[in-house]
Amino acid sequence: MLTTSRTAPPPAPLSARRRWTVLAVCALSMFLVGVDATIVNVGLPEIGRGLDVGTRGLEWVVDAYTVVMASLLIVSGALADRLGRRRVFRCGLLVFGLASLVCALAPSLGVLVAARAVQGIGASMLSPVALAIVVNAMPDPRERARAIGVWASVFGLSMAAGPVTGGALIAAFGWRSVFWINAPVVVLALVLVALFVPESRGERARRLDLPGQVLLTVVLFLTVGLLIEGPRIGWTSPVALAGYALTAAATAGFVRVELRREEPLMDLGLFRRPPFVTAVLGATAVFVALNVTLLLSTLYLQQARGLTPLAAGATTLPMALGATLCAPWSGVLVGRIGPRRPLLLAGGFITAGGLCLVGLGGETSMSLILLAFLLIGIGFGFANAPLTNTAVGGLPPSRAGVAGAITSTSRQVGVAVGIAVAGGLVAGAGPAALAAATRPGWLIVSACGLFLLVVARTAGARRR
């Protein structure tokens, strides 16, 4: 077992220009991770035709990446505190880039899913480590709050920009190009990290919690696997019932292990703070809503309406536009007036966007669809900065990294659950029945927006 005897020396102060350069470099890497989580969505029908697989297999192309990343985010943050954040960050970029090349060359679904899982390993070394680097570089609390707002906004923007980018790449170069494009971005990021990002470590290196890590991975894989495979195996089949029992046992075991360890993988004490709990659940809800929207709209537009990947990606432009305009604005509002009002705006717009599509049909006006995407994009843009600020606000830097890692984990859980739920709704539905099959999904999107109003109430109480 690794020990915790070494403490890191205090970091040398950075100039203002260097601090914001560090933020820009970290934001570039986070943009890469966020885009890769959604860029594949618009290409799923093309991947299915190219590899001859159905909707259920395609769900694993997305969720293999997100589940692995969600499982390893916290331990990657702990390793970065011990081994050096810049070192782990660079390692993550390298793993991510090499796995992207394997994805681009994958001859079968199995190879693609395995490579996507390795991509998730690399991505797990980027998300919490990037936030820890930013927090470490910004000692002033107000400057740190603005930086966290920018960081969260860039990540949110990247998630919304993925489908547009994917549609353009697929139209020009085919579905494999959504993975080839990662290579030059990774090379650029590696160079920038080497030039501008200083090395840093945690004040005290944490022990690795291997039992907790294994149990968390089991819980996430069982949960997402049951959601994906449930429609095929039957929700009350013996296999499904055994899966429920194993999930409950693994969850109970995880909580018991974490409560007994001196240095647990997940600091369950953070869940005694109502703002933190609601922020984590809110982050999950936002990414459930986004990914239900992305998958259902991708399949509906391409299979029910006959649009090309480029046209389907272009149809989501209002969503990307809303996120682009409102994410930076949200970060500014959080820095000035706190998280409550941006969260109210986020919840209202996401709810309205989902309600626009609850009656979706094969001949629904494209104007209404575009309006719904714009509303959801605006809501998504307003959501990320206040959620991150609520989760880590008021915590010392030593705990902010763990809180940020848990929040990042909750986002990826939201991605995986959203894809699994949306795929389960439309699995087996033909083009004629696809629109009706998506309708419960739009109710889920609206419910996620309503939940953000609850989160806003908690955030407002904390600010007062």
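**Helix α2 and its neighbours**

Hi everyone, let's start with two helices: the axes of α2 and helix α12, residues 274-304, come within 9 Å and cross at roughly 65 degrees. That makes α2 roughly perpendicular to α12. Please keep in mind that this is a predicted model.

So who touches whom here? On the α2 side we have Leu44, Pro45 and Arg49, and they meet Leu295, Thr298, Leu299, Gln302 and Gln303 of α12. Sorted by class, this contact has 4 nonpolar, 3 polar and 1 charged residues.

Let's stay with Arg49 for a moment, since its side chain also meets that of Glu46 in a salt bridge, at 2.7 Å from N to O. The structure holds 1 salt bridge, with Arg49 and Glu46 as the partners. Why can these two reach each other? Arg49 and Glu46 are 3 residues apart in helix α2, which covers residues 44-51, so about one helical turn separates them. In general, an α-helix has 3.6 residues a turn, so residues three or four places apart point the same way.

And are the partners buried or exposed? Arg49 is exposed, with a relative accessible area of 55%, while Glu46 counts as partly exposed at 25%.

Last stop, helix α4, residues 85-105. Its 21 residues, at 1.5 Å each, should span 30 Å, and the end C-alpha atoms are 31 Å apart, which agrees. Which residues of α4 are buried? They are Arg85, Val88, Phe89, Gly92, Leu93, Phe96, Gly97, Ala99, Ser100, Cys103 and Ala104.

Thanks for listening!

Terms used. Residues are numbered from 1 along each chain as its sequence is written. This is a predicted model: local features need pLDDT of at least 70, side-chain atom pairs count only at pLDDT 80 or more; totals for chains, interfaces and linings use all residues. Side-chain values use heavy atoms; hydrogens and water are left out. A salt bridge is a side-chain nitrogen of Lys or Arg within 4 Å of a carboxyl oxygen of Asp or Glu. Helices (H or I, at least four residues) and strands (E, at least two) are DSSP runs, numbered from the N terminus. Buried means under 20% relative accessible area, exposed over 50%, partly exposed in between (1.4 Å probe, protein chains only). Axes are lines fitted to C-alpha atoms, for helices over the stretch in contact, and angles run from 0 to 180 degrees between N-to-C directions. Angles under 35 degrees count as roughly parallel, over 145 as roughly antiparallel, 65 to 115 as roughly perpendicular and the rest as oblique. Contact means heavy atoms within 4.5 Å. Ala, Val, Leu, Ile, Met, Phe, Trp, Tyr, Cys and Pro count as nonpolar, Asp, Glu, Lys and Arg as charged, and the others, Gly among them, as polar. The expected span of a helix is 1.5 Å times one less than its number of residues.
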